[in-house]
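This report considers selected local features of one protein model. Please view the sequence and the structure together.

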Amino acid sequence: MEKNQQGAITATKMGAVANISLAISKGLVGFSISSTALIADAANSLGDVLSDAVVFYTLHEARKTATPESPWGRGKVEPLGALSVGALLLTTGVGIGYSASLAAYEMLFPLSQVVEVMPSVLDAIPEERSNIENIAALGISGTSILAKEFLFRYTLSAGQKANSSAVIANAWQHRADVSTSIAVFAGLVGSMLGYPILDPVAGVLVAGVIIKQAVIIGKDSLRDLSDAPASVGETDSLRKTCLSVTGVLQVQELKARKSGPFLFVETTVGVDGSISASAAHRLAEITRLALLSKHYGRVANAVVHVSPIGSSGLGEKYPSWARDHGFIEQEIRKAVKKITEIHAVSEVQVYYKDDGLISAKVDILLPSNLTIHQAHAIAVRARKSIEEALPGIGSVDVDLELDET
């Protein structure tokens, strides 16, 4: 298993263990001292275990190898997991905000005709609570703040290294819990000092922070689900990898789309227009392997197209009947066969130039007993014969080979 993925899994497991431990400790202390705030916070920590379960599932599912049923893999399960965590965050934020607002209204307008006010998630400590109970409540709340802040930093780092949007979203879930615990702590202190209004005010502020982060996570997740492109930095790095391949002269186009923790790359590289199709294919394959190896664990697949520099035209300056490669090659062979001294045509290459013109390279086989002067004269006659058969053709390069059979 990849090191970064293992780190993300470890962070998720640590978060689950911490959430279960905090839920138990907050629940026990909350029930023992009748603290609604701690009981509600315990329920929130228990709910976070669901987020950990979702993230743990997406980490494994998103990294499964491609199958005939899922030829592009299951990378998009990851942003779906992040979207689920964002939805849980949003629910938490709205719930805290609603309860805190009701509590603040009841404190500010005690004579209002409210039949029943929902207990605040950040409920104030009853006045009759003893100092020991206060210290216990503050202690467990302070421990939650420290533990959750550590988990936020650790999980965020692991998520960034693994390129896991779900783990990063879970990290911000920990940060939201820090804000909630701080508000609980502030509410407890405020009640001890005789300012219970601090409790719901802090709750409303915390709710705003949580809702804002939930919206950010949701937007990023939806963006990833809609084939978001790689960052500018990653795109530049991919482009440099392509140019590092000897024989690749240009990167004419490069697109990289996200699929969970992976990138799918499609690029068009420019190569020498005079090389063979086999050589061009080789450069494309080497470029593809370079992208997969140098960006191992990030690039899941790469498709590399080659564009022959200087020879990427369509022959648009010629009638449509003259643009077909097979037709041009046939006409060249027929024109050359008219010269009796030529034993055979070993190869014909047709080039479609960027300026719309068509040129050709022809290899002919001649008797080995000819002088250089005689061979050159035959080559000139062959070129003229081709130009007569294909009026307006661009440059014709005739190469000579000796028949030694």
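The following paragraphs treat the nonpolar core, a strand pairing, a buried loop residue and a surface patch.

The model is a predicted one. Its largest nonpolar core contains 24 residues, and those with the most contacts inside it include Ile-328, Ile-332, Val-362 and Ile-386. At least two residues of this core come from each of the elements tabulated here.

| Element | Residues |
|---|---|
| Helix H9 | 325-337 |
| Strand E4 | 344-352 |
| Strand E5 | 358-367 |
| Helix H10 | 372-389 |
| Strand E6 | 396-403 |

Leaving aside residues up to four places away in sequence, Val-362 touches Ile-332, Val-345, Glu-347, Val-348, Ile-386, Asp-397, Val-398 and Asp-399. In soluble globular proteins, nonpolar side chains tend to be buried together.

Strands E4 and E5 run antiparallel and are joined by 8 bridges. Val-350 lies opposite Ala-360 in E5. The hairpin of E4 and E5 has 5 residues between the strands, and Gly-356 in this hairpin adopts a positive phi near 95°.

Ser-164 occupies the loop between helix H4 (131-161) and helix H5 (165-192). Because its relative accessible area is 0%, Ser-164 counts as buried. Its contacts, not counting residues up to four places away in sequence, are Leu-59, Arg-63, Glu-78 and Gly-159.

On the surface, Met-192, Leu-193, Tyr-195 and Leu-198 make up a nonpolar patch whose accessible area together is about 440 Å². Leu-198 belongs to helix H6 (residues 198-225). Why is Leu-198 classed as partly exposed? Leu-198 falls in this class because its relative accessibility is 42%, and partly exposed residues lie between the cut-offs of 20% and 50%.

Methods:
Residues numbered from 1 in each chain as written. Predicted model: local features only at pLDDT ≥ 70, side-chain atom pairs only at ≥ 80, totals over all residues. Heavy atoms only, no water. Patch = residues over 30% accessible without salt bridge, like charges linked within 9 Å, V, L, I, M, F, W, Y side chains within 5 Å. Areas by Shrake-Rupley, 256 points an atom, 1.4 Å probe, with all protein chains shown as cover. Salt bridge = Lys/Arg side-chain N within 4 Å of Asp/Glu carboxyl O. Helix = DSSP H or I, 4+ residues; strand = E, 2+ residues; numbered from the N terminus. Buried < 20%, exposed > 50% of the residue type's maximum accessible area, 1.4 Å probe, protein only. Core = buried A, V, L, I, M, F, W, Y, C linked by side-chain atoms within 4.5 Å. Contact = heavy atoms within 4.5 Å. Pairing = 2+ DSSP bridges.
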